[in-house]
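Subject: Structure handover and notes

Dear colleague,

I am passing on the structure we spoke about, and I would be grateful if you could look it over alongside the notes that follow it.

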Amino acid sequence: MATGIIINPRSSARNLVDDVIEQATRAHDLGVGQVWLPQRVNYDAISLAGLVGAAVPGLGVGTSVVPINPRHPLIVASLAQTAQAASHGRFSLGIGLGARRIEHRTFGVDWSNTVERLRDHLTILRSVFDAGRVDFQGRELSASPAWPAGVAGGTPVPVYVAAMGPKALRVTGELADGTLPYLAGPRTIGEFIAPAITEAAAGAGRPAPRIIAAVPVVLSGDADAARTRAAEQLSFYQTIPSYQKVIAREGVDSVTELAALGSEDAVAKQLRRYLDAGATDLVLSPLDDSESLDREALWRLTASV
């Protein structure tokens with residue numbers, strides 16, 4: 001898989017879909033082979049990925065990431081297969097376990113037993129994607145539709161989970177195609193994530209999993225300004241328990257140390273540390289999405305790593 005980059009809609013866009021397709025087209029022209037789209041409350045990342053994939057031939061598209069709790073896996077499966085058919089086989093489904101406090105505030109629902117929900121969610125997705133049908137009764141989720149679940153041209157769909165804890169990594173290794181961790185530094189990937197998910201996949205008789213490291217990036221000639229920007233954007237993650245654990249595991253004094261900051265050469269050097277540690281792929285996640293951001297410089301860097 002080519003090194004990818006997160007694309008966010010510009011705040012000045014008159015049409016969100018047109019804007020993202022325009023950005024993706026230009027990124028592809030500059031050599032980017034893969035783009036990833038984050039899920040937001042106001043737009044659907046899977047649908048948007050399908051539209052981008054259909055509009056930009058040859059470009060890989062994916063979601064980074066769609067939280068599992070607000071949607072039943074049958075809905076996710078139908079959307080993902082539609083996106084895969086639209087992109088003619090270039091779609092990757094990235095899903096995440098979500099953040100309990102944020103989801104409760106947003107949806108008014110307190111989802112518990114997250115790892116069990118992940119197992120059931122992946123089991124249903126796996127059945128639909130592999131067999132085109134599903135009849136499953138789980139502890140948290142069930143699915144037994146009376147109608148066809150497969151989409152012509154919609155499979156296979158690779159599934160990556162933003163798993164970083166031991167239980168989630170075990171389930172991911174057993175049922176998914178890899179992990180898509182964010183803010184998991186090189187030490188955490190090499191000493192914990194890669195061994196844990198690889199062992200789980202091998203035990204389940206599955207192929208070696210992909211470890212797609214999503215890395216926060218600020219490309220700037222002003223190192224102090226880059227660190228300030230990173231601190232502002234990443235402080236939020238220090239309030240989320242799952243991220244607190246992965247940050248602590250890396251042994252850094254500040255979450256800012258997990259961002260790749262500075263010039264193109266400096267950022268590229270920091271990104272290669274993830275590959276050296278055992279990541280199979282990279283995703284650049286820009287922390288600056290202002291109108292003044294030099295997106296083309298980021299896209300050229302992405303194409304070069």
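Helix 2 and helix 3 are roughly parallel to each other, since an angle under 35 degrees counts as such and these two helices, residues 45-55 and residues 73-87, pack at about 10° with their axes 7 Å apart. Please bear in mind throughout that this is a predicted model. On the side of helix 2 the contact is made by I46, S47, G50, G53 and A54, which meet V76, L79, A80, A83, A86 and S87 in helix 3. Sorted by character, the residues of this contact comprise seven nonpolar and four polar ones, with no charged residue in the set.

The aromatic side chains were examined next. A pair of aromatic rings is described by the distance of the centres and the angle of the planes, and four such pairs are found in the structure. One of them joins F107 and W111, whose ring centres are 5.9 Å apart with 65° between the planes, an edge-to-face arrangement. The two partners differ in their surroundings: W111, with a relative accessible area of 16%, is buried, whereas F107, at 46%, is partly exposed.

Y182 and Y237 also form a pair, and because their planes stand at 65°, with the ring centres 5.3 Å apart, this pair is edge-to-face as well. Y182 belongs to the loop between strand 9 (178-179) and helix 7 (186-203), while Y237 belongs to the loop between helix 8 (223-234) and helix 9 (241-250), so the pair ties together parts that lie 55 residues apart in sequence. Both of these tyrosines, Y182 and Y237, are buried, and ring pairs link them with F236 and Y243 into a cluster.

A ring also takes part in a contact of another kind, in which the charged end of R249 sits over the ring of F192, at 3.7 Å from the centre of that ring.

Finally, a note on a single position: which residues does Q34 touch, once its neighbours within four places in sequence are left aside? Q34 is placed in strand 2, residues 34-37, and its contacts under that condition are with M1, A2, T3, G4 and I5, and also with L59, G60, V61 and G62. Because its relative accessibility is 6%, and buried means under 20%, Q34 counts as buried.

With best regards

Conventions:
Residues numbered from 1 in each chain as written. Predicted model: local features only at pLDDT ≥ 70, side-chain atom pairs only at ≥ 80, totals over all residues. Heavy atoms only, no water. Phe/Tyr/Trp six-rings, centres within 6.5 Å; stacked < 30°, edge-to-face > 60°. Buried < 20%, exposed > 50% of the residue type's maximum accessible area, 1.4 Å probe, protein only. Helix = DSSP H or I, 4+ residues; strand = E, 2+ residues; numbered from the N terminus. Lys NZ or Arg CZ within 6 Å of the ring centre and 35° of its normal. Axes fitted to C-alpha atoms, helices over the stretch in contact; angles between N-to-C directions. Parallel < 35°, antiparallel > 145°, perpendicular 65-115°, else oblique. Contact = heavy atoms within 4.5 Å. Nonpolar A, V, L, I, M, F, W, Y, C, P; charged D, E, K, R; others polar.
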